[in-house]
Amino acid sequence: MKKIVIALAGNPNSGKTTLFNTLTGSRQHVGNYPGITVEKKEGFIELTDYLLHFVDLPGTYSLTAYSQEELVARNFLAQEKPDLVVDVINAGALERNLYLAVQIMELGIPLVLALNMMDEVRKKGLTINTELLSRRLKIPVVETVARQGLGKDLLIQTIIEVADSSPGSWTPLNISYGPDLDPVLQQMTKMIEQDHFLTHLYPPRWTALKYLEGDDEIRALGLKTNKRLARELELAAARIAEHCQKTLNTYPEAIVADYRYGFISSLLKDVISRDTHKERIAISDRIDKVLTHKFLGPLIMALVLYAIYKFTFSFGEIPMHWVEDLFTWMADMATRLIPPGLLQSMVVSGIIGGVGGVLSFVPLIALMFMCIAFLEDSGYMARVAYMLDRVFRIFGLHGCSVMPFIISGGIAGGCAVPGVMATRTLRSPREKLATLLTVPFMPCGAKLPIFILLVGIFFPENKATVLFLISLIAWATALIVAKLLRSTIIKGAPTPFVMELPPYRYPTLSGLLIHTWERTWQYIKKAGTVILAISILLWATMTFPRLPVEQVHKFTRHRAEIERQIQEIMAQNRESDDQNTIATIAKLKQLIAGLDAELAQKKLKYSLAGRLGTLLEPVTRWAGFDWKINISLIGGFAAKEVIISTLGTAYSLSQVQAEEPVSLADRIVQDPDWNTRRAISVILFILLYAPCLVTIVVIARETGTWRWALFSMTFNTLFAFVLATVVYQGLALLGN
Ligand code: GDP
Ligand code: MG
C-alpha cells in the first residue's frame, strides 16, 4: 500500500475544512502543530492500493512570514514535504486565491487545484474555463462543491494520478520579476546553489526571493546556517532595495507582488467569462418565484392575458377607424368615377368592399400580435405553458399542447395553420392528434374581425369582456372535446412534461416590430391575394346568373313613375318650403329606396350564392342564420377572413346605394333581422365550425391521412351547428 501525504492549503473560508470533512469523513484526528496552539487536523482515506493522509493547513493568503498561520503552513510544506498539495480555491475570487497557488508552485510541490464553490460561481452567471486554466498552469484543476460533496471522487483520482506520476523531486515555477530584480535574483540563486544554502528546505530561487522580500524568518534561519553567505545575501538585497527606492520609488516586495499578480492575470485571460445566459437564468429563477407561484402565478397570468385585450382594444380602435374611413372614401370615389354597371359593382363591392373589410382590422391585429410577440420574446409564454400543464393533463393533453393552442389563437389572434404545425413538438402521437384536432376551435386572427364587428355592435359596453369570454369558450370547448377524443377514439396514457423554461429577457423593440410586421404582413398578403380572388369570385357568384331583363324592367318602370311624381311635385311647389310637400317627397324617396333594396335582394337571391344560401335556410334557421349569413359561412370554408368580406359584399348588394356610403356595421345595425341572440349564435358557430381549407390541408399533412382532416371538417361543423342551435333556441325560450 502506497501512502500519499496531502496538504490542504487555501485562503481562509475557501471551504478547506468542509472539503477535508467530505473527503475523510469520520477518519479524522485533531492535534496541534508542534509547539504552537494552531490546530492541526489530519484525516485518512483508505483505498485498496493507497492510503491518503490529509493534513488541513491553516488558511493563508500568502506564504510570507507575517502571521503564525502562514509560517505554520510554509514550514509544514518545507519540513514535512507532503507528496502533494491540494490548494482549495474559492472559485468566486479566483485571482486573489491564485496568489497563494502561485507561491506554492514557486516552491515546486506537486499541486492540484480544487476550484471550490463552483455552485456560487454558476449562480453568479460566471463560467470558468478550467481546462484552459489547467493547461496554462500545467497542473490539474478539479471543480468541486465541497458542501455538496461534488467533485470529490475526481479529486481523489487526480491526487493519486499526480502522486504516481511525480518524480519525487520538486520542480519550482520560475516567474520573471522584471529587469530590475531578475539579474539580482539570478546572481543570488547561483550563490545559494553553490553553498547548498537551505536547499534541504527550499528551492534556491525561492530562498533568494525571500531575501529580496525581507523575510525575517528566512534571514534568521540563514544566519544560523551560513553566516557569511547570509550576510552577502542580505547585502545584495539591501543594495537592490536601495536601487528600487531611488529609481522606482518602491521596494522589492511590492515589485514581486506586482509581477505575481501580472502573472496571474495573464493566466486568467479568457478563463473567466460572464455568461450572460446563466446570469439571466439566475435572475429568471428569482422572477419565477413570483410569476409561477402556485397561487400568484395563475392570477398574474389571467391578468396579463386580460390586459392584452384591454390594451389592444383601447389603442386599436383609433387607427382602425382611419383605415375604415379610407376605404369608405375609396368606395365613394369609385362610385363617382366609374359609371354604374357591372364594373362599378365589381370594383366597389368585389374589390374595395372585400379587401377593405379585411384591411380595416390590420391595426387591431397588429397590436394584438405585438402583445403576443412581447409575451413570447420576454419568455413569459413558456411560463404560461408550464403553469397550464397541470390543467392540460386532466384533459388528456400535454403541457406542450399549450403552444399550439396559443399559436392557433389561445390568446386571440393566432392562426391554426402554424398552430397545427406546432404540434410537432408533442412526442406522443395521441396527444398530438388530440391537440391538432382541437386547436382549430381557437379564435384565430381571421375569425377575430367578425367577432370584433359583432361584439362592437351588440355588446358595445363590454367589448373586451365579451371577447375574453369568447376565448374562454374556445378553450373550454377545445379541452372538453380533447378529453372526449382522448377517452374514446384516441385513448392512451399521458407522457410526462419536459420543457425547459427559457430565461426572461427584455424583448427588443426591433424584435417586437419584426415579429409583429411578419405576422401582420402574412395576414395582409392573404387579404391581398387569396381574399381578393375569393372576394371577386364570390362577387361573381352573387352577381350571376343575372335577374331576367323583364323582371328588372318592371322595377325600373315603377321607379321611373315615382321619380316622375317627385319631379312634378317639386315643379308645382318651386318656391314653397311647405312642410307637407317636404314630407311627401321624403316618403316617395323612401319608396324608391325600398324598391332599390327589393331589386338588389331579388338579384342576389337569383344568383348562384343566393340560391345555395336559400336552399340551406330552412335548416340553418334553427340557429338563426339567413341566406346572407349562409353565403358568408360558405365563403368561410375557404378562409375565415372571407366571412366578413362576403357579408360586406352581400349587404352592399342588397341595400340601397345611399348618398352616404355606409359600413357593414351600420348595415347590420339597420337590419331588423339582427339581434343579440343571433349574434351570439353566429359567433359560436364561426368560432367552432370547420377549419379553413389551408388548416385542413395541414392537418392532413401532419397526420399523414385525409381521414382526420375530413373528420375535423364534418365533426366541427356539426358540433358547432348543434351548439349554435341549442344556444339560439335556448335564448329564445328565455325570452331574449
Ligand atoms: P475554511 O476556512 O477554508 O476551512 O472554510 P470552511 O470549510 O470552514 O467553509 C467556509 C464556508 O464556506 C462554510 O460556511 C461552508 O459551508 C461554505 N462552503 C464550503 N464549501 C462550499 C461550496 O462548495 N459551496 C458553497 N456554496 N459553500 C461552501
Ligand atoms: Mg477551516
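**Exercise 1. Find the bridge partner of Gln28 in β3, then place the two strands in their sheet.**

Solution.
Step 1. Look across from Gln28 into β3: its bridge partner there is Gly43. Bear in mind that this is a predicted model.
Step 2. Identify the strands. β2 covers residues 28–32, and β3 covers residues 39–46.
Step 3. Read the sense of the pairing. β2 and β3 run antiparallel, and 5 bridges join them. In general, strands of a sheet are held in pairs by backbone hydrogen bonds, in a parallel or an antiparallel sense.
Step 4. Widen the view. The open sheet has 7 strands, ordered β2-β3-β4-β1-β5-β6-β8, with mixed pairing.
Step 5. Check the edges. β2 and β8 (141–143) each have a single partner strand, so one side of each lacks a neighbour in the sheet.
Step 6. Add the twist. On average, neighbouring strands here are turned by 25° against each other, direction ignored.

**Exercise 2. Decide whether Leu84 is buried or exposed, and say how far its C-alpha atom is from that of Leu538.**

Solution.
Step 1. Locate Leu84: it belongs to strand β5, residues 84–90.
Step 2. Take its relative accessibility, which is 0%. The cut-off for buried is under 20%. Leu84 is therefore buried.
Step 3. Turn to the pair. Leu84 and Leu538 are 454 residues apart along the chain, and 88 Å separates their C-alpha atoms.

**Exercise 3. Describe the surroundings of ligand 1.**

Solution.
Step 1. List the neighbours. There are 15 residues around ligand 1, and Asn13, Lys16, Thr17, Thr18 and Ala146 come nearest.
Step 2. Sort the shell by type. It holds 4 nonpolar, 7 polar and 4 charged residues.
Step 3. Go through side-chain distances to oxygen atoms of the ligand. For Thr17, a polar side-chain atom is 2.6 Å from an oxygen atom of ligand 1. For Thr18, the distance from a polar side-chain atom to a ligand oxygen is 2.4 Å. For Asn116, a side-chain N or O atom is 3.0 Å from an oxygen atom of ligand 1.
Step 4. Consider the cover. On its own, ligand 1 has 580 Å² of accessible area, and the protein covers 76% of this.
Step 5. Assign the shell to elements. α1 (16–24) and α4 (118–123) are the elements that give two or more residues. The largest share, 3 residues, is from α1.

**Exercise 4. Which phi values do Asn13 and Asn249 have, and where do these residues sit?**

Solution.
Step 1. Recall the usual case. Most residues other than glycine have a negative phi.
Step 2. Take Asn13. Its phi is positive, near 65°, though it is not a glycine. Asn13 sits in the loop between β1 (2–10) and α1. At a relative accessible area of 73%, Asn13 is exposed.
Step 3. Take Asn249. Its phi is also positive, about 55°. Asn249 is in the loop between α10 (227–247) and α11 (252–268). With a relative accessible area of 60%, Asn249 is exposed.
Step 4. Link back to the ligand. Asn13 is one of the residues that come nearest to ligand 1.

**Exercise 5. Is the peptide bond from Phe544 to Pro545 cis or trans?**

Solution.
Step 1. Start from the norm. Most peptide bonds are trans.
Step 2. Read omega for Phe544 to Pro545. Omega is near -10°, and the bond is cis.
Step 3. Place Pro545. It lies in the loop between α22 (509–543) and α23 (549–572).

Notes:
Residues numbered from 1 in each chain as written. Chains lettered and ligands numbered in written order. Predicted model: local features only at pLDDT ≥ 70, side-chain atom pairs only at ≥ 80, totals over all residues. Heavy atoms only, no water. Near = heavy atom within 4 Å. Polar contact = N/O pair within 3.5 Å; in protein donor to acceptor, adjacent residues only side chain to side chain. Areas by Shrake-Rupley, 256 points an atom, 1.4 Å probe, with all protein chains shown as cover. Helix = DSSP H or I, 4+ residues; strand = E, 2+ residues; numbered from the N terminus. Nonpolar A, V, L, I, M, F, W, Y, C, P; charged D, E, K, R; others polar. Buried < 20%, exposed > 50% of the residue type's maximum accessible area, 1.4 Å probe, protein only. Pairing = 2+ DSSP bridges. Axes fitted to C-alpha atoms, helices over the stretch in contact; angles between N-to-C directions.
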